Amino acid sequence: MSKLVIVGTCAFDAIETPFGKTDKILGGAATFIGLAASQFKVDSSIVSIVGEDFPQEYMDLLTNRNINLEGLEVVKGGKTFFWSGKYHNDMNTRDTLVTELNTLADFNPQVPAAYQDAEIVMLGNLQPTVQLSVIEQMSNPKLVILDTMNFWMDIALEELKTTLKKVDVITINDEEARQLSGEYSLVTAARKIQEMGPKYVVIKKGEHGALLFHNDEVFFAPALPLEEVFDPTGAGDTFAGGFAGFLARSGDITFENMKQALIYGSCLASFTVEKFGTERLENVTAEEIRKRLQQFKQLTQFEIELN
């Protein structure tokens, strides 16, 4: 089993959807990634920053999942990163109502010494120079996975391109892939992004699944059709956590094994959207995951006669 370093936000979210609204609840990329990866019983460490207002119960939730918190900096008198958003009726678009960086504005990640030899690094969506500073602290990772977004492409494109040269896998959505590459075709976009550094490109398409590209090989993982999508917040991070967690458990980073990792990521993300925040992910059972994986299998397997 490989060690996994997870870098990203531990945060408070306040969310409104057509199904209801919440006050401040647990959120953040590192939180969703960590909880998803914990399903694979991996030795993981979260590197993040919070304020003194971050409850002990949230820390206990993470440590009870065997997630090391040595790299979680708690700033005395500081406030934790806060995001508030409202989803439209189609659940694919949302408006950001409030973003308070708070302690995140001064985040200088420090990877614990015991995890600097980790084989797999999962870099959640952060400023590209912050992501690069983590890569430079690692001794010799087998796989560096990076998540990013259009915001960084708008204001820090050159820094992002510098960081991408040190990355093995990038996970972005289809709109971001087109912006980063300047290409409309996702096949062409993936090829151009591979030329920037990442050997593997994962393009997330929300309710329409995800694509994995490597050289001239392509694999598609569907998203499970669900009766209700309650809250999409954290689904992409859950997907990334399932992807990274599966690879850390297996220690196999071939294209063939990444296909399975993609399915596990999609499977776990399908649970996250069923409740607000991390609630569903906190309580999902191994049996529920097994049954849903079977649904994914039935969704995609078929027999066809080829002449």
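1. Let's begin with a hollow in the protein: 15 residues line the second largest pocket, and Gln39, Phe40, Lys41, Ala286 and Ile289 lie nearest its centre. A pocket here is an open set of points on a 1 Å grid over the protein atoms alone, where a 1.4 Å probe fits, with protein on both sides within 12 Å along at least five of seven lines; lining residues have an atom within 4 Å of a point.

2. Before going on, please note that this is a predicted model, in which local features need pLDDT of at least 70, side-chain atom pairs count only at pLDDT 80 or more, and totals for chains, interfaces and linings use all residues. Residues are numbered from 1 along each chain as its sequence is written, and side-chain values use heavy atoms, with hydrogens and water left out.

3. Which elements give two or more residues to the lining of the second largest pocket? They are helix 9 (255–272) and helix 11 (286–300). Helix 11 gives the most, with four residues. Helices are DSSP runs (H or I, at least four residues), numbered from the N terminus.

4. The lining of this pocket is a mixture: seven residues are nonpolar, four polar and four charged.

5. Now follow the chain to Leu306, in the segment after helix 11. Is Leu306 buried or exposed? Leu306 counts as exposed because its relative accessible area is 73%, and exposed means over 50% (1.4 Å probe, protein chains only).

6. For a sense of distance, compare Leu306 with Val130: the two are 176 residues apart in sequence and 51 Å apart in space, C-alpha to C-alpha.

Note on methods:
Nonpolar A, V, L, I, M, F, W, Y, C, P; charged D, E, K, R; others polar. Buried < 20%, exposed > 50% of the residue type's maximum accessible area, 1.4 Å probe, protein only.
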